[in-house]
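This report describes the fold of a single protein chain, working from its overall dimensions to its sheets and domains. The sequence and the model come before the description.

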Amino acid sequence: MADLARRHAAVADAVESRVLAVLRSGRWIGGPVVEEAEAAMAHLFERDAAVGVASGTDAIILALQAAGVSAGDEVAVPALTFFATAGAVCAIGAVPRVVDVDARGLMCPSALAALDAPRLRVVLPVHLFGNRCTAHRIGVRTVDDAAQAVGCSPPASTGELTAVSTYPTKTLSSAGDGGFVVGDPAAIEKVRRLGSHGLVGPHVHARVEGHVGRNSRLDAVAAAVLLGQLPTLHDRIRRRQAIARHYDSCVSAACEPLPRDPGNPVPSYLVRAPDRARLAAHLEAHGIETTVYYPRPLTEQPALVGRIPPADCPVATRLCAELLAIPVHAGLSDDEVERVGRALESA
Ligand SMILES: Cc1ncc(COP(=O)(O)O)c(C=O)c1O
């Protein structure tokens, strides 16, 4: 599904020279390399500012806190997403309110409109699998989860603050955990403070005022890895898009591709297969790895059952039973892509 060693080999010189320069500089926290990565991420999302943080999960937590969410508040989340979307809400004592999704797996606007949540403070749409989600509620702030949406065109940033992940399997990654929040400069400064314990003032032992924050910063070495990969990002996205189009042209009646927006950077390639187990077994027999994103809706996560208000999510439940992810990354050779295509044809 991902071959990170292959990805690194393609950019090794650029990444390794940047990492070595950081190590030799002695600026390992903050400094010009982190600032350069922040500027690059703001540019990718066409926003005015960005701050590097320790992970995509922390990016959501800090963005929610900066948007004024506190313990007991409710945050609307889609039923189909990686657990971290809801986990971040729980981490600050807020309550995830699960909303069903549409046929593309994105938070459904009519289900959001119908949500009865008296303490709803923020809507947290997820730009899942690189498709842009526009669900919002008038009068309620939006913080969006763009963990899977780096490289969308137009950019996936609909909220006042947008959380990004640079986890290694993401299209633009660090060599470990990492993330960003992008948005307007004043809100980003708030996030920056919260990610540095809540400290106010230039001195590291200055006072903490207002909110208590946490230690969540992007390391300079992580920023260097990301910057070393950046020049190839658009080529790698074009390659992913070409592979996805090839797969689209190959799929048999056993499955159908999950629709993609124009400009979707194809962070994953998903099909809907009514008999998913059979398709996965067929691909495995051809030596092709697959994975399931996501096996259960948030409403069926054991850690949440009984702790969050129940929600009816028939569309997400159906997608969880049918979606199958097929390898798509820029490191796949033409032969490998054709082999996957042939296996999809014969399924
Ligand atoms: C939709 C979504 N939200 C949040 C996250 C969390 O990001 P991280 O793993 O960087 O903490 C991920 C990561 O995979 C994700 O896919």
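The text below covers the chain as a whole, then its domains, then its two sheets.

**Overall form**

The model is predicted. The chain contains 11 helices and 10 strands. Its C-alpha atoms fill a box of roughly 65 × 55 × 30 Å along the principal axes. A compact globule of 347 residues would have a radius of gyration near 20 Å, and the chain, at 20 Å, agrees with that. Of the 347 residues, 48% are buried. Among contacts with a separation of 6 or more, 64% are between residues 24 or more positions apart.

**Domains**

The domain assignment divides the chain into domain 1 (4-231) and domain 2 (232-345). Taken over C-alpha atoms, the centres of domain 1 and domain 2 are separated by 24 Å. Across the boundary, 37 residues of domain 1 are in contact with 32 residues of domain 2. On the side of domain 1 that touches domain 2, the elements giving two or more residues are α1 (4-25) and β3.

**The seven-stranded sheet**

One open sheet is built from seven strands in the order β1-β7-β6-β5-β4-β2-β3, with mixed pairing. The edges are formed by β1 (49-53) and β3 (95-99); each has a single partner strand, so one side of each lacks a neighbour in the sheet. From one strand to the next, the twist averages 30°.

At one edge, β1 pairs with β7 (residues 179-183) in the antiparallel sense over five bridges. Within this pairing, Gly52 has Phe180 of β7 as its bridge partner.

Towards the other edge, β2 and β3 are parallel and are paired over five bridges. In this pair, Val77 stands opposite Val98 in β3. The connection from β2 to β3 passes through α4, and this β-α-β crossover is right-handed. Helix α4 (residues 84-91) lies across β2 (74-78), β3 and β5 (141-145), and its direction is at about 170° to that of β2.

On its other pairing, β2 runs parallel to β4 (residues 120-123), joined by three bridges. Here Ala76 is opposite Val123 in β4.

Which way do the side chains of Glu74, Ala76 and Pro78 point from β2, relative to Val75 and Val77? Glu74, Ala76 and Pro78 point one way and Val75 and Val77 the other way, and all are buried. Strand β2 is accordingly described as mostly covered, with five of its five residues buried.

**The three-stranded sheet**

A second open sheet has three strands in the order β8-β9-β10, and its pairing is antiparallel. Its edge strands are β8 (256-257) and β10 (323-326), each of which pairs on one side only. Strand β9 (residues 269-272) is joined to β10 by four bridges in the antiparallel sense. One of the partnerships here is between Leu270 and Ala325, the latter in β10.

**Strand pairs described above**

The table collects the strand pairs whose bridges are given in the text.

| Pair | Sense | Bridges |
|---|---|---|
| β1 and β7 | antiparallel | five bridges |
| β2 and β3 | parallel | five bridges |
| β2 and β4 | parallel | three bridges |
| β9 and β10 | antiparallel | four bridges |

In general, the strands of a sheet pair through backbone hydrogen bonds, either parallel or antiparallel.

Note on methods
Residues numbered from 1 in each chain as written. Predicted model: local features only at pLDDT ≥ 70, side-chain atom pairs only at ≥ 80, totals over all residues. Pairing = 2+ DSSP bridges. Axes fitted to C-alpha atoms, helices over the stretch in contact; angles between N-to-C directions. Contact = placed C-beta atoms within 7 Å. Rg over C-alpha atoms; globule rule 2.2 N^0.38 Å. Buried ≥ 20, exposed ≤ 12 C-beta atoms within 10 Å, placed from the backbone. Right-handed = clockwise from strand over helix to strand, strands pointing away. Domains from an automatic or database assignment.
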